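Here is a short briefing on one chain, written to be read beside its coordinates. Keep the viewer open while going through the points.

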Amino acid sequence: MSGSASCDYCCYFTYDDETEEWVCDVNMDEDDYGRLMSTNFKECPYFKDGDEYKVVRHQM
């Protein structure tokens, strides 16, 4: 999937202490995962900006 660099800014991209690696922690079922892997997306459909200060900067 292209656009994976955006994962760095996604709120679902979290560090897993058990495996000691970064993982996508979006809540999806097996069907959603199958569609995600079988379809060519330009960007991840589950991406959600993890920048919690974005709204504050917009208000300034």
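The points below cover the overall make-up, confidence, the hairpin, one tyrosine, the salt bridge and the cysteines.

This is a predicted model. The chain has two helices and two strands, and the order from the N terminus is β-β-α-α. The mean pLDDT is 80.

**Overall make-up**
- The chain has 60 residues, and 5% of them count as buried.
- About 5500 Å² of the chain is exposed. Carbon and sulfur atoms supply 49% of that area.
- Take the contacts with a separation of 6 or more: 48% of them come from residues 24 or more positions apart.

**Confidence**
- A pLDDT of 70 or more is reached by 77% of the residues.
- Strand S1 has the highest confidence, at a mean of 93.
- Helix H2 has the lowest, at a mean of 59.
- Where pLDDT is low, predicted coordinates should not be read in detail.

**The hairpin of S1 and S2**
- Strand S1 covers residues 13–16 and strand S2 covers residues 21–24.
- The two strands pair in the antiparallel sense, over four bridges.
- Asp-16 stands opposite Glu-21 of S2.
- Four residues lie between the strands.
- Glu-20 is in this loop between S1 and S2. Its phi is positive, near 55°, and the residue is not a glycine.
- Glu-20 counts as exposed because its relative accessibility is 61%, above the 50% cut-off.

**Tyr-46 and its contacts**
- Tyr-46 sits in the loop between helix H1 (30–38) and helix H2 (54–59).
- Setting aside neighbours within four places in sequence, Tyr-46 is in contact with Cys-10, Tyr-12, Val-26, Met-28, Asp-32 and Leu-36.
- Tyr-46 and Cys-11 are 35 residues apart in sequence. Their C-alpha atoms are 9.9 Å apart in space.
- Is Tyr-46 buried or exposed? It falls in between: a relative accessible area of 23% makes Tyr-46 partly exposed.

**The salt bridge**
- The structure holds one salt bridge.
- It joins the side chains of Asp-32 and Arg-35, at 2.5 Å from N to O.
- Both residues, Asp-32 and Arg-35, lie in helix H1. They are three residues apart, about one turn of the helix.
- Asp-32 is also one of the residues in contact with Tyr-46.
- Arg-35 is partly exposed, with a relative accessible area of 47%.

**Cysteines**
- How many disulfides does a search of the whole structure find? The count is zero.
- Cys-24 is in no disulfide, and its nearest cysteine sulfur, that of Cys-44, is 6.0 Å away.
- The reverse holds for Cys-44: the nearest cysteine sulfur is that of Cys-24, at 6.0 Å, and Cys-44 is in no disulfide.
- Why does this pair not count as a disulfide? The sulfur of Cys-44 is 6.0 Å from that of Cys-24, and a disulfide needs two cysteine sulfur atoms within 2.5 Å, so the pair does not qualify.
- Cys-24 is exposed, with a relative accessible area of 53%.
- Cys-44 counts as partly exposed because its relative accessibility is 22%, and buried would require under 20%.

Definitions and conventions:
Residues numbered from 1 in each chain as written. Heavy atoms only, no water. Pairing = 2+ DSSP bridges. Buried < 20%, exposed > 50% of the residue type's maximum accessible area, 1.4 Å probe, protein only. Contact = heavy atoms within 4.5 Å. Areas by Shrake-Rupley, 256 points an atom, 1.4 Å probe, with all protein chains shown as cover. Salt bridge = Lys/Arg side-chain N within 4 Å of Asp/Glu carboxyl O. pLDDT = per-residue confidence, 0-100.
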